[in-house]
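Trainee: Could you take one part of this model and walk me through it slowly? I would like to see how the sheet and the side chains around it fit together.

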Amino acid sequence: MKILADYDIDELKKIVSEMGQPSFRATQIFKWLYSGADFDGMTDLPAEFRKELSREYIAVPLTIAEKFVSKDGSVKFLYKYHDGNIIEGVYMPHSYGDTLCVSTQVGCRMGCSFCASGIGGLVRNLTAGEIAAQVIAVNGYLGGSAANRKISNLVLMGSGEPLDNYDNVTKFLRLVTNKNALDFGMRSISLSTCGLVENIKRLADEGYGVTLSVSLHATTDESRRELMPIAHKYTLAQITEAVKYYFEKTGRRIIFEYALVKGKNMSAFDCKRLREITRGYPSHVNLIKLNYVKEKGMQGCSDEEAKRFLQRLTEMNVSATIRRSFGNDVGGACGQLRRNYIAER
Ligand code: SF4
């Protein structure tokens, strides 16, 4: 079975014409898909045509298997795909607009040492329509539709490395920014990468203009290699050169994600290195208090230690903030809910 939401309007036009239908059916289908409708709900399509579509295509490739509502208003979701694969996502209410964290792969092959999502390796890439289905499902959960979107921002920061699934992720970007779909602005989408240099440049060249967020987590190549295997392939100098290129091409400020790991990356030397790495172009450092991942045995730091580190950076004129963490009362780090769910079954 094929996923109908994998197709853009032009591709849908071709599909409907091959089924003997007029081309306006493509826009009708597109709008229904982004409102979360299954074939039964596509009420302005002829019943026989809907039946024909359903023999070949899946309209809704996932269901919300479980949800965990936190006291802080955030909601963690476990989604179950048509093939039984489970992934997770988080909805976070912010004063400046509600944000959904989206996954781009089932599992991940990058193997970062602090991350639960990558523990079992990569299971498979998600298709463009399967990624969009997460947004459609949560928009529907919030009472939204294609014409009445309830989510302001997307962050591609869930399980998976988005730039390791480049074609599907960029198609997803084109789909969700379509006026007949969910009409997101590229500027309201952040893409987080562990630093795949060639694809950062390709994203810049192809003009997507999303906010680029680079998982840094260490300030020397040697220490980064201990945390992130990808650092064996790309040096910090190569990453810095790629993000400068991204800024020059898109005009977008670069965000660096920096998980504070006790005893690993919080020294005065790290502050100096952060100043060097982020100097000469608009950038911002998001400090993240690491969630404890029991399989990895890595410790985060206290609030006081995080504040002290932030203060040092601020004194050095490095733009930085401590990222607010959500949903601490309803499950731990990214990837752990999925692991627990699978283990229980
Ligand atoms: S932090 Fe991101 S890139 Fe690294 S293993 Fe986890 S999901 Fe993959």
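Mentor: Gladly; I will begin with the sheet, then turn to helices, rings and cysteines. Please keep in mind that this is a predicted model.

The sheet is an open one of 10 strands, and its pairing is mixed. Reading across, the order is β3-β4-β5-β6-β9-β10-β11-β12-β13-β14. At the edges stand β3 (62–69) and β14 (320–322); each has a single partner strand, so one side of each is left without a neighbour in the sheet. From one strand to the next, the twist averages 25°.

Let us look inside the sheet at one pairing. Strand β10 (residues 189–193) and strand β11 (residues 211–215) run parallel and are joined by four bridges. If you want a residue to click on, try Leu191, whose bridge partner in β11 is Leu212.

Now for the helices around these strands. Helix α6 (residues 197–205) has Val197, Asn199, Ile200, Leu203 and Ala204 buried. To read such a pattern, recall that an α-helix has 3.6 residues a turn, so residues three or four places apart point the same way. The cover over the buried residues of α6 includes α5, β10, β11 and α8 (236–250), and β10 and β11 are the parallel strands joined by four bridges. Just after α6 comes Gly207, with a positive phi of about 70°.

Helix α9 (residues 268–278) lies across β12 (254–260) and β13 (283–289), and its direction makes an angle of about 165° with β12. In helix α11 (residues 336–344), the buried residues are Gln336, Leu337, Arg338 and Tyr341. They pack against β3, β4 (75–81), β5 (86–92), β7 (105–107) and β8 (122–125). One of these, β3, is an edge strand of the sheet.

A good place to zoom in is Phe184, in the loop between α5 (166–176) and β10. Its relative accessible area is 3%, so Phe184 counts as buried. Leaving aside neighbours within four places in sequence, Phe184 is in contact with Val135, Arg149, Ile151, Ser152, Asn153, Leu154, Val176, Thr177 and Ile189. Two of those contacts deserve a closer look.

The first is Arg149, which lies over the face of Phe184, at 3.9 Å from the ring centre. The second is Asn153, which is 31 residues from Phe184 along the chain, with 7.8 Å between their C-alpha atoms. Asn153 belongs to strand β9 (residues 153–156) and is buried at 17% relative accessibility. Not counting residues up to four places away in sequence, Asn153 touches Tyr96, Gly97, Asp98, Thr99, Leu100, Phe184 and Ser188.

Rings come next, and the structure holds five aromatic pairs. Phe77 and Tyr141 make one that is edge-to-face, with 5.2 Å centre to centre and 85° between the planes. This pair links distant parts of the chain, 64 residues apart: Phe77 is in strand β4 and Tyr141 in helix α4 (residues 128–141). Phe77 is buried, at a relative accessible area of 0%, whereas Tyr141 is partly exposed at 34%. Ring pairs also bring in Tyr79, so that Phe77, Tyr79 and Tyr141 form a cluster.

Then there is the pair of Tyr258 and Phe309. Their ring centres are 5.8 Å apart and their planes are at 5°, so the pair is stacked. Because Tyr258 lies in strand β12 and Phe309 in helix α10 (residues 303–315), the pair ties together parts that are 51 residues apart in sequence. Both rings belong to buried residues: Tyr258 has a relative accessible area of 0%, and Phe309 has 2%.

One more charge over a ring is worth finding: the charged end of Arg124 sits over the ring of Tyr81, 5.9 Å from its centre.

Finally, the cysteines. The structure holds zero disulfides. For Cys301, the closest cysteine sulfur is that of Cys271, at 12 Å, which is too far for a bond. Cys301 is buried at 10% relative accessibility, and Cys112 is buried as well, at 14%.

Notes
Residues are numbered from 1 along each chain as its sequence is written. This is a predicted model: local features need pLDDT of at least 70, side-chain atom pairs count only at pLDDT 80 or more; totals for chains, interfaces and linings use all residues. Side-chain values use heavy atoms; hydrogens and water are left out. Two strands pair if DSSP finds at least two bridges between them. Helices (H or I, at least four residues) and strands (E, at least two) are DSSP runs, numbered from the N terminus. Axes are lines fitted to C-alpha atoms, for helices over the stretch in contact, and angles run from 0 to 180 degrees between N-to-C directions. Contact means heavy atoms within 4.5 Å. Buried means under 20% relative accessible area, exposed over 50%, partly exposed in between (1.4 Å probe, protein chains only). Rings of Phe, Tyr and Trp (its six-membered ring) pair if their centres lie within 6.5 Å; planes under 30 degrees apart count as stacked, over 60 as edge-to-face and the rest as tilted. A charge sits over a ring if NZ of Lys or CZ of Arg is within 6 Å of the ring centre and within 35 degrees of the ring normal. A disulfide is a pair of cysteine sulfur atoms within 2.5 Å.
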